[in-house]
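Please open the model in your viewer and keep the sequence panel beside it, since each stop of this tour begins with a selection.

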Amino acid sequence: METFTFTFMRQTYIDQLSTKITIDFPPKRIISLVPSQTELLFDLGLNTEVIGVTKFCVHPAEKVDSKYKIGGTKKLNIDLIRSLNPDLIIGNKEENNREEIEVLQKEFPVWMSDISNLQEALNMINAIGEIVDRAPEASYLIHLINAGFKDLQQLAVENGINSNVLYMIWKKPYMAAGRDTFIDDVMRKIGLDNVVSASRYPILEENTIQVLQPKLVFLSSEPYPFAERHMEELSKLLPGAQIKTVDGEMFSWYGSRLVKAVGYLFQLQKSLV
């Protein structure tokens, strides 16, 4: 009977927080702490290598369903992670809890992403492709995403799309996507200008929203599940604005979902012309 053995090499990498990690390459027991990066790992072909994901990791459903659920992105089951003995954990600065990450870093190699724009997302895809031994697959994804967003930028110019927009991510209190966020960069790429000048995700009072006077208001499907009924509430505050519900995954997931986001954003651009 023919047997197979894996040959491991010790390899050192630097993540997007400038932290150095050393792993057995290629990693064979991977835990992902972020939904968009979980989807990326499966799209890179790591069907058996990924052993644990969060309860919020929903894509691809047929693959994540069979994996260990190691808690939420900000409330991890550290004991379960220990029992799984991963040789690589992949997380994100914004989505994961710093204290929990620091605990894991003492025991396991933890590679962290830090993403606030499209280029950093592409850098992440490239880096993860290298660390999990899927560099060619990652390069192809990057090619598709780059080409798609170049077309979106060109279409924005050709169609004269230049509206200002308020992108809402939460209710009670109202919160919006501000500058220095991935969402903000995606909007700029498709010809839209964020009316919020504050960084990150500021809380907005109703009177502040009225003062901003956006032409467009996007109500994201996540993290708060804005729906059609919420459009009426915002319409009373902003009677002159066009209010739309949008797919939050297409604006905020910075992994391989960006390939699908191109088509979605193209259709959105068409609706704004």
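Begin by selecting helix H6, residues 135-158, where you will find Leu-144. This is a predicted model, and in it Leu-144 is partly exposed, with a relative accessible area of 30%.

Next, keep Leu-144 selected and add Tyr-140 and Val-259, because these residues form a nonpolar patch on the surface, their accessible area together being about 250 Å².

From there, move on to helix H11, which covers residues 257-272. How far apart are its end C-alpha atoms? They lie 22 Å apart, and this agrees with the span of 22 Å that 16 residues should give at 1.5 Å a residue. Now colour Arg-257, Leu-258, Ala-261, Val-262, Leu-265, Leu-268, Gln-269 and Leu-272, which are buried in H11. As you look along the helix axis, it helps to remember that an α-helix has 3.6 residues a turn, so residues three or four places apart point the same way.

Finally, zoom out and select the whole protein chain, which has 11 helices and 14 strands. Its C-alpha atoms fill a box of roughly 70 × 40 × 35 Å along the principal axes, and its radius of gyration of 20 Å agrees with the value near 19 Å that a compact globule of 273 residues would have. Of these 273 residues, 51% count as buried, while the accessible surface of the chain comes to about 13300 Å², with 50% of it belonging to carbon and sulfur atoms. If you display contacts between residues at least 6 apart in sequence, 59% of them join residues at least 24 apart.

Key: Residues numbered from 1 in each chain as written. Predicted model: local features only at pLDDT ≥ 70, side-chain atom pairs only at ≥ 80, totals over all residues. Heavy atoms only, no water. Helix = DSSP H or I, 4+ residues; strand = E, 2+ residues; numbered from the N terminus. Expected span 1.5 Å × (residues − 1). Buried < 20%, exposed > 50% of the residue type's maximum accessible area, 1.4 Å probe, protein only. Patch = residues over 30% accessible without salt bridge, like charges linked within 9 Å, V, L, I, M, F, W, Y side chains within 5 Å. Areas by Shrake-Rupley, 256 points an atom, 1.4 Å probe, with all protein chains shown as cover. Salt bridge = Lys/Arg side-chain N within 4 Å of Asp/Glu carboxyl O. Rg over C-alpha atoms; globule rule 2.2 N^0.38 Å. Contact = heavy atoms within 4.5 Å.
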